[in-house]
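Colleague: I'm new to this one, and I'd like to know what stands behind the words people use for it. Can you take me through them?

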Amino acid sequence: MQLAADPVGFASDPWWLILFKAVLVFAFCVVMTLFAIWWERKVVAWMQMRIGPKHVGPQGLLQSLADGVKLAFKEDIIVKAADKPVYILAPVVAMVPAFMAFAVIPMGGEVSMFGHQTHLQLTDLPVGVLYILATASVGIYGIVLAGWSSGSTYPLLGSLRSTAQMISYEVAMGLSFAGVFLYSGSMSTSEIVQSQHQTWYAVLLPVSFVIYVIAMIGETNRAPFDLPEAEGELVGGFHTEYSSLKFALFFLAEYVNMVVVSSLATTLFLGGYHAPPPITAVWEGANSGWWTLLWYFLKVQLFLFLFIWLRGTLPRLRYDQFMRLGWKVLIPTSLVWLMLVATVRALKNEGYDYRNIVLGIAGAIIVLLVLSVLWDMVRGADEDEEKPEPLPGTPGAAVPFDPMAGGFPVPPLPGQELPPVPRRNIRRATVSVGGGSSESPDDGQPPASAPSPANPTDKEV
């Protein structure tokens, strides 16, 4: 397929039209942030059988705008221990790269604007996807500097968590892009969209698509991966010491990043601004003009709904579980899948029949699955064998552990085990009271109706 990217179309725009499109991109990001906040409140309220915002504007649509204005006019507090220049710069460093990433996102096809034919894309680069990854990496510095410059322990811990989290999941995200590059033959976002005119890469590369969806949730610090803001142990995370407008800028960056990764998923895996196949089969003009902006918007909303759905349903992961998922599951799976995709592309370029390639790969996968099942069976049989309990004081023996040593409850260390929890044997016993009967738990204590010199029964009276 000949790719239909037209780099001349971007260079031929007059300067005032480029400036106008830049203002439109900025306004689109701000409006999408306000809409995403309202949409999240409404969807979570619907999941929890509530109403959600409804008073400010029709159906509460202006509630996000009212909250933003309120935050902007709140008192701005700067803690004494903060490094003031870095403390003020950090929210800006977190926010600006999120807007910069939209420079190469194709939001629509070619349209007529003020008498000029132009693309609904600010510009294009031969390495547009790498440009988005680079800007996303710069945004990490804003979170790191915010935690460090606050002069407080908990924000610093939150920023360090965020650093490890984003770096870990950016590796898996970059590997998921490699399969798209192999199939499209380009890193340009507009050319990748054009190469999906027939079949979306979510269908051709399902593993890459699933890995990217998981990685983009971890990259944006959203639930169930919102560990830099874990309220239970970090009191809010890296932005604990921020207030007023600077506090609002961090949330603006978070929601703009959500729109960015959703737009990137739409561009790389869901055909970009192309209409879904059932629509194009019955409507030839679905992929022309301003209609392309509608398909792009609906696909982005689909991913935003996924973000909100996960937040309303899944609990937060432990940090060790989260890092294990990134390093021991996503990255190895991405490497194996990338080798598989590269092998298929190489064999297809050499002229091998596609059916033989698929059958060969399916046979290799079945053999691996059978070997895996056999290995699990052998290992399970070995674990089922009875092993003698180690004697106290020998290696491997359980170490006694006092969870309340020092006055505070602490978890056991490796090799230690909690003492057994004392439980009372609850049994129901029937005793006679005044000619009737009643049930009393047999917990080692005398029943309430047992006669005693200090507490005579009604009969004795």
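Modeller: Here is a short run of questions about terms and the values behind them.

Modeller: This is a predicted model, in which local features need pLDDT of at least 70, side-chain atom pairs count only at pLDDT 80 or more, and totals for chains, interfaces and linings use all residues. Residues are numbered from 1 along each chain as its sequence is written, and side-chain values use heavy atoms, with hydrogens and water left out.

Colleague: How many helices and strands does the chain have?

Modeller: There are 15 helices and six strands. Both are DSSP runs numbered from the N terminus: H or I over at least four residues for a helix, E over at least two for a strand.

Colleague: What makes D13 buried or exposed?

Modeller: Buried means under 20% relative accessible area, exposed over 50%, and partly exposed in between, with a 1.4 Å probe and protein chains only. D13 has 8%, so it counts as buried. It sits in the loop between α1 (7–11) and α2 (15–47).

Colleague: And which side chains make polar contacts with the side chain of D13?

Modeller: K21 does, at 3.1 Å, and T118 does, at 2.9 Å. A polar contact is a pair of N or O atoms within 3.5 Å; within protein, one must be able to donate a hydrogen and the other to accept it, and residues adjacent in sequence count only if both atoms are side-chain atoms.

Colleague: Why is E75 called exposed?

Modeller: Its relative accessibility is 64%, so E75 falls in the exposed class. E75 belongs to the loop between α3 (63–72) and α4 (84–100). Leaving out residues up to four places away in sequence, E75 touches S243 and S244, where contact means heavy atoms within 4.5 Å.

Colleague: What about S244, buried or exposed?

Modeller: With a relative accessible area of 5%, S244 is buried. It lies in helix α11, and its phi is near 55 degrees, a positive value in a residue other than glycine.

Colleague: How do you know how α5 and α6 run relative to each other?

Modeller: The axes of α5 (residues 128–149) and α6 (residues 153–184) come within 8 Å and cross at roughly 170 degrees. Axes are lines fitted to C-alpha atoms, for helices over the stretch in contact, and angles run from 0 to 180 degrees between N-to-C directions. Under 35 degrees counts as roughly parallel, over 145 as roughly antiparallel, 65 to 115 as roughly perpendicular and the rest as oblique. So α5 and α6 are roughly antiparallel.

Colleague: Which residues meet there?

Modeller: Among them are L133, I140 and W148 in α5, and L156, M166 and F177 in α6.

Colleague: What is in the largest nonpolar core?

Modeller: It has 79 residues, and F102, F177 and Y296 are among those with the most contacts inside it. Helix α11 (residues 244–269) gives the largest share, 14 residues. A nonpolar core is a set of buried Ala, Val, Leu, Ile, Met, Phe, Trp, Tyr and Cys residues joined through side-chain atoms within 4.5 Å.

Colleague: One last check: what makes A90 buried or exposed?

Modeller: A90 has a relative accessible area of 0%, so it is buried. It is found in helix α4, and its contacts, not counting residues up to four places away in sequence, are G142, L145, A146, Y242 and F250.
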